[in-house]
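Hi,

Here is the structure I promised to pass on. Have a look at it first, and then read on for what turned up in it.

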Amino acid sequence: MNYYMLLCLVLTLVQLWPCTPSMQKQSTKNTDQSFTAVRRVKRGWVWEPLFATEEQTSTTPLYVGQLKSDLDKQDGSLQYILTGEGAGSIFSIDEYSGKISVMQKLDREKKSFYTLRAQAINRNTHLPVEPESEFIIKVRDINDHEPQFLDGPYVATVPEMSPEGTSVTQVTATDDDDPSYGNSARLLYSLIQGQPYFSVEPKTGVIRMSSQMDRETKDQYLVIIQAKDMVGQAGAFSATATVTINLSDINDNAPKFQQRLYYMSVSEEAPVGTTVGRVMAEDSDTGENAAMNYFIEGDSTDFFDIITDNETQEGIILLKKRVDYESQRRYSVQARVVNRYIDERFLEEGPFEDTTIVKINVKDADEPPVFTLENYVMEIAEGAESGSLVGVVTARDPDNDDSPVRYSIVHGMYLKRLFSINEHNGTIITTKPLDREIAAWHNITVTATETRNPEKISEANVYIQVLNVNDHAPEFPKYYETFVCENAFSGQLIQNISAVDQDDSVEGHHFFFSLAEEATNNSHFIVKDNQDNTAGIFTAKYGFSRQEQLSFYLPILILDNGTPPLTSTNTLTITVCDCDIEVNIFFCRYGAFMYSMGLRTEALVAVLACVLILLVFILAIVAIRQQQQKSLFSEKMEEFRENIVRYDDEGGGEEDTEAFDISALRTGTVMRMHKPRKTVTTEIHSLYRQSLQVGPDSAVFRQFILEKLEEANTDPSAPPYDSLQTYAFEGTGSLAGSLSSLGSNMSDMEQNYEYLTDWGPQFKQLASMYASHSSVRD
């Protein structure tokens, strides 16, 4: 058997609701909150609606509704079973009648509906007589929650003087009750505090301006907003929130000077840029709306200026030009202040500016003399004799016209040697003639000093221009090296010439070239003026001969356009060259030199060859002599090698600290007891005579060597050099005897070496050396 069942439970009134459109159309509307049974049969199930209050507390289960099958004969043969959410714990069913009851308190905010299943079975067979059917019990809301402002407290900002109705901010409250049923969640906003400046829209919570407000009067307001549910009806819950509303500044106030008249003073000695004083204007606005600019108006703008201190918004009056107590002692300055940023909405209320008067007194000071001009420009002609007047400078004491002033020239002894100044009247004169070509301008500094107060000094620059005088004749700019070929034809250009002049010309230099009068008739050359400060030298005949005349000296007259005009005669040297037509400078120079020496090329080559041969011959002779000297020296070394002691000691210099440490020789452990040095000569003589009696193995000879070695080791004054000393024992059998001077009691001056000539050819060289020495001594 088919069936369908729906059950809805709402907390305000619990009612069975159909869950399909067909069943909803068959539902009965409750108008008096009492139970009205309207029996409906659908697919074997019969349901009845009823009502109950949400969160109603009771010790016994509350009846909700009844499920009934149309097969139920009310004989107790059917059993109703309820399963699903909350079955057995929250909801219970009478298994005989199908009545459903709620056993606990329900809260829609925790759970708004429950899904359950119902089934009817036969008690005897335990078989279902109706298929299991699912239905929903909805929990209907009641007003059990207060509104809440989750975002409070609120802070908002609105520009001052905003028009009425301007939106400030919006506040929003929430209610956890069901907004889809009844008025439990329907909120209504109202203003508790804030009238008459603000208002709030009841449904939206939008706060608006109710009147224009001035920030300068009050810049902050505290508004309290209330929210009520149940559309504000009796018994409704409510909540409040605070809204802090700040008024932001706009430029609706003009700046105003604190004083209508200011008094200041400044010394006449104050330099440009000195701060004279400050003025202050007030503006009730803040920030950039209070920013202002200051201006100076009137005739005083030449002497004073004003700038704005951006930190303090003060106007700083500065000295723009130095003032003079004697010229003007008081200034009346008009200062104006204007807002830097102006709101056009408030232009109708008047100009956003203000003016004030500043009285500035000039304080007198002892000032230095003042020149009539800061810079003087004077002129004098060059070459003017000493004592010529250059010009006059004038200075006066601004404090007292009768105070005397003393003048002087400073900056360099050189200028003082050229100019001098009268210290009483400032007249400048020259001390020597000036040359414009050396210096066209002279810059001097003149000082003026108060006689009564020498500390007060002022300076002025004097620029002296030396005027040009045509005192230099034109001349060649360089030496011209001019050649003409022997085969040159008549009218051939051989040289272009120009001229220079050290003088200055206002109209520009212009030179005129011509042959000197003495060379006009018999010259072989002509001068053609090009009219552009240059001239060309041309040949006046055909062919030249070096044998006849090697060089020509052409006098050229150069005239300038000065006042008065000056001329000079410049000589152009023209050399005849061995060439056809074209001149080769190098070849011509070489040929001219050779010709002037009277030599031809062939002769010069022969001379050079002879000089070269002679040089080779001399070098050969020098080389041969050097070779002979080397061989002679080697022979002498061979003859005297037994008598030569060679020291081949090499050291590393001062930096060689590892080669030898002299400090080690001077330590107490190494240095032996110093014995007094004996007379070496006498001792050697005696020992040598004894050595003639004995052989080389004699103890006397060994003792001699040991004592010499001991002396060398213990002598602290001897240099620490390694040396090799050879003692040759000659023995007793020498026919010539001993050649050593150790055995002689005579000094070198007393020796006579004539006997060496009798010793044979082996001693010939030695005899010649000592015999000549002896003869020279005699």
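Before the details, one cut-off you'll need: a residue is called buried when its relative accessible area is under 20%, exposed when that area is over 50%, and partly exposed in between. Asp354, for instance, has a relative accessible area of 10%, so this residue is buried. Please also keep in mind that this is a predicted model.

**Salt bridges**

Since Asp354 has come up already, let me stay with its partner. Asp354 makes a salt bridge with Arg260, and the closest N and O atoms of the two are 2.9 Å apart. Arg260 sits in the loop between β16 and β17 (261–267), while Asp354 belongs to strand β23 (residues 353–363), so this pair ties together parts of the chain that are 94 residues apart in sequence.

How many salt bridges does the structure hold? The count is 15. Apart from the Arg260 pair, I'd point you to a network of salt bridges that links Arg215, Glu216 and Asp249. Here are its two contacts:

- Arg215 with Glu216: the closest N and O atoms are 2.9 Å apart.
- Arg215 with Asp249: the side chains meet at 3.0 Å, N to O.

The link from Arg215 to Asp249 connects distant parts of the chain, 34 residues apart: Arg215 is in the loop between β13 (206–209) and β14 (220–228), and Asp249 is in the loop between β15 (238–248) and β16 (256–257). Buried or exposed, what are Arg215 and Asp249? Both are buried; for Arg215 the relative accessible area is 13%. Glu216 comes out as partly exposed, because its relative accessible area is 25%.

**Disulfides**

As you know, a disulfide is a covalent bond between the sulfur atoms of two cysteines. A search of the whole structure turned up two of them.

One joins Cys485 to Cys579, with an S to S distance of 1.9 Å. Cys485 is in strand β33 (residues 482–485) and Cys579 is in the loop between β39 (567–577) and α3 (585–597), so the bond ties together parts that are 94 residues apart in sequence. The link of Cys485 and Cys579 is left-handed, with -105° about the S-S bond. Both ends count as buried: Cys485 because its relative accessible area is 1%, and Cys579 because its relative accessibility is 12%.

The other is formed by Cys577 and Cys588, whose sulfur atoms are 2.0 Å apart. This pair also links distant parts of the chain, with Cys577 in strand β39 and Cys588 in helix α3, 11 residues apart. The torsion about the S-S bond of Cys577 and Cys588 is about -90°, so this disulfide is left-handed. Cys577 is buried at a relative accessible area of 3%, and Cys588 is buried with a relative accessibility of 3%.

If you count the bonded cysteines along the chain, the disulfides follow the pattern 1-3, 2-4. For the bench, you may also want to know about Cys610: this cysteine is exposed, with a relative accessible area of 52%.

**A four-stranded sheet**

Strands of a sheet pair through backbone hydrogen bonds, either parallel or antiparallel. Which order do the four strands of the open sheet take here? They run β25-β32-β31-β28, and the pairing is mixed. At the edges are β25 (375–381) and β28 (405–410), each of which pairs on one side only. On average, neighbouring strands of this sheet are turned by 30° against each other, direction ignored.

To take one pairing from it, β25 and strand β32 (residues 457–467) pair in the parallel sense over seven bridges. If you want a spot to look at on screen, find Met378, which stands opposite Ile464 in β32.

**A nonpolar patch on the surface**

Last item: where is there a nonpolar patch on the surface? Leu614, Phe617, Ile618, Ile621 and Val622 make one of about 450 Å². Val622 is located in helix α4 (residues 601–639). With a relative accessibility of 41%, Val622 counts as partly exposed.

That's the tour. Shout if you'd like to go through any of it together.

Cheers

Definitions and conventions:
Residues are numbered from 1 along each chain as its sequence is written. This is a predicted model: local features need pLDDT of at least 70, side-chain atom pairs count only at pLDDT 80 or more; totals for chains, interfaces and linings use all residues. Side-chain values use heavy atoms; hydrogens and water are left out. Patches are made of residues with over 30% relative accessible area and no salt bridge: like charges are joined within 9 Å, nonpolar side chains (Val, Leu, Ile, Met, Phe, Trp, Tyr) within 5 Å. Accessible areas come from the Shrake-Rupley method with a 1.4 Å probe; for residues, only the protein chains shown count as cover. A salt bridge is a side-chain nitrogen of Lys or Arg within 4 Å of a carboxyl oxygen of Asp or Glu. Helices (H or I, at least four residues) and strands (E, at least two) are DSSP runs, numbered from the N terminus. Buried means under 20% relative accessible area, exposed over 50%, partly exposed in between (1.4 Å probe, protein chains only). A disulfide is a pair of cysteine sulfur atoms within 2.5 Å. Two strands pair if DSSP finds at least two bridges between them. Axes are lines fitted to C-alpha atoms, for helices over the stretch in contact, and angles run from 0 to 180 degrees between N-to-C directions.
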